[in-house]
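Reader: I'd like a close look at one part of this protein, and then a walk outwards from there. Could you take me through it in plain language?

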Amino acid sequence: MRALTIDTHGQLDQLAFRDDVAVPEIASPDDVRIRVHAAALNHLDLWVVRGVPGVRIAPGWILGSDCAGVVDAVGSGVTSLRPGDRVVVNPGVSDRTCEYCRSGDNPLCLRYAILGEHRPGTLADYVVVPAANALPIPSTVSFPVAAAFPLATLTAWRMVVSRANVRPDDQVLIRGIGGGVALAALQISKHIGARVWVTSGSDAKLARARVLGADETINHSTQDVAREVRARTGKRGVDVVIDSVGEATWTSSLGSLGKRGRLVTCGGTSGPLVQTDIRRLFWNQWTIMGSTMGSDAEFDAIVAELREGRLQPPIDSAFPLEQGRKAFERLQSGEQFGKVVVTVADP
Ligand SMILES: [Zn+2]
């Protein structure tokens, strides 16, 4: 089969399109094999190419976490799906038996594995996953839209709904609008009814975010984010910050938080090490939370939104699998607004 692979870590010139990769076999009675129709990229894919500390890959490693497609084969124990079913795939694989899984916290699973990072990925003609990781989607949801959906929306849903517990009267500040998680967080926060602030270094991205419902926009290249938030809220600050940027935004994210503020982080695309003034942390009684991926229940919840057309990921661009490196270059450029899709099967 065809696949986008790397043999070793490095820059994007390590990416290799191959057409001689063995089709994966069903390994467990609970597995399904999916004919991938569309995949999508996440910032995680760039980290995997560069190398994630503690994560080792084998040569010919297949990249990609997100996909949607058609069930091709099912293991002997699978009853929830049949060949021919259209599905969207949860990229986080858990054992569903450890204490964290049993308490509904699959991303804390002791054997948690993400497609493309810890297991063979989705940028290929076929991928094998546990049947519980694939949920049916109706024909009204296209494969590119479904592929662009899972990782970013699942991550944002857990951050906004489960961790920050955003309420209609909250003000939510989302850093770096244009990325998949930030855009999903914007859409989810607006569905809840919150007042949403977004930041970007691009006026064009801020204008597009307004079309998607952003109430307040701040250009972090030309404006001091914390000062703007303070000025526009009468010094009150926002209730929640959604931050996946890290080093570059941390200080101004905390500086934008009002009393009892909650900051949720799911990553540090600009760097992982930050400084926090604990005097402000305790005096303002802030809560700083980490979050990653989402549980089976949260995946059920977001796919229900997808099926009904209530949550649709903005798509920036699409590239065929053979031109996968161009898709990665688009993601690395940081110029995208929305998801970068990779089409795998013929439309
Ligand atoms: Zn587990």
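Let's start with Arg195: does Arg195 count as buried, exposed or partly exposed, and why?

Author: Happy to, and keep in mind that this is a predicted model. Arg195 counts as partly exposed, because its relative accessibility is 36%, and the cut-offs for that class are 20% and 50%.

Now look at what Arg195 holds on to. Its salt-bridge partner is Glu216, with the closest N and O atoms 2.7 Å apart. The two come from distant parts of the chain: Arg195 sits in strand β12 (residues 195-200) and Glu216 in strand β13 (residues 216-219), 21 residues apart. Glu216 counts as buried, because its relative accessibility is 14%. So this pair joins a partly exposed arginine to a buried glutamate.

That pair has company, since a search of the whole structure turns up 21 salt bridges. Take Arg158 and Glu298, whose closest N and O atoms are 2.6 Å apart. Here, too, distant parts of the chain are linked: Arg158 belongs to helix α4 (residues 150-163) and Glu298 to helix α10 (residues 296-307), with their positions 140 residues apart. In this case both Arg158 and Glu298 are buried.

For another setting, try Arg18 and Asp20, whose side chains meet in a salt bridge at 3.1 Å, N to O. Arg18 counts as partly exposed because its relative accessibility is 29%, while Asp20, at 55%, counts as exposed.

Arg18 also brings us to a small sheet, as strand β2 covers residues 16-18. Three strands make up this open sheet, in the order β2-β1-β4, with antiparallel pairing. β2 and β4 (61-62) are the edge strands; each has a single partner strand, so one side of each has no neighbour in the sheet. On one flank, β1 pairs with β2 over three bridges, and Leu4 has Phe17 of β2 as its bridge partner. On the other flank, β1 pairs with β4 over two bridges, and there Ile6 has Trp61 as its bridge partner. As for the side chains of β1, Ala3 and Thr5 point one way, Leu4 and Ile6 point the other way, and all of them are buried.

From β1 (3-6) you can step across to helix α11, because β1 is among the elements that cover the buried residues of that helix; others include α1 (43-50), β17 (315-320) and β18 (339-343). The buried residues in α11 (residues 324-333) are Gly324, Ala327, Phe328 and Leu331. They span an arc of only 95° around the axis, which places them on the same side of α11. The spacing makes sense: an α-helix has 3.6 residues a turn, so residues three or four places apart point the same way. Right after α11 comes Gly334, which has a positive phi, near 75°.

To finish, go out to the surface. Tyr100, Leu108 and Leu110 make a nonpolar surface patch of about 300 Å². Leu110 is found in the loop between α2 (99-102) and β8 (113-114), and it counts as exposed because its relative accessibility is 66%.

Definitions and conventions: Residues numbered from 1 in each chain as written. Predicted model: local features only at pLDDT ≥ 70, side-chain atom pairs only at ≥ 80, totals over all residues. Heavy atoms only, no water. Patch = residues over 30% accessible without salt bridge, like charges linked within 9 Å, V, L, I, M, F, W, Y side chains within 5 Å. Areas by Shrake-Rupley, 256 points an atom, 1.4 Å probe, with all protein chains shown as cover. Salt bridge = Lys/Arg side-chain N within 4 Å of Asp/Glu carboxyl O. Helix = DSSP H or I, 4+ residues; strand = E, 2+ residues; numbered from the N terminus. Buried < 20%, exposed > 50% of the residue type's maximum accessible area, 1.4 Å probe, protein only. Arc of directions from axis to C-beta. Contact = heavy atoms within 4.5 Å. Pairing = 2+ DSSP bridges.
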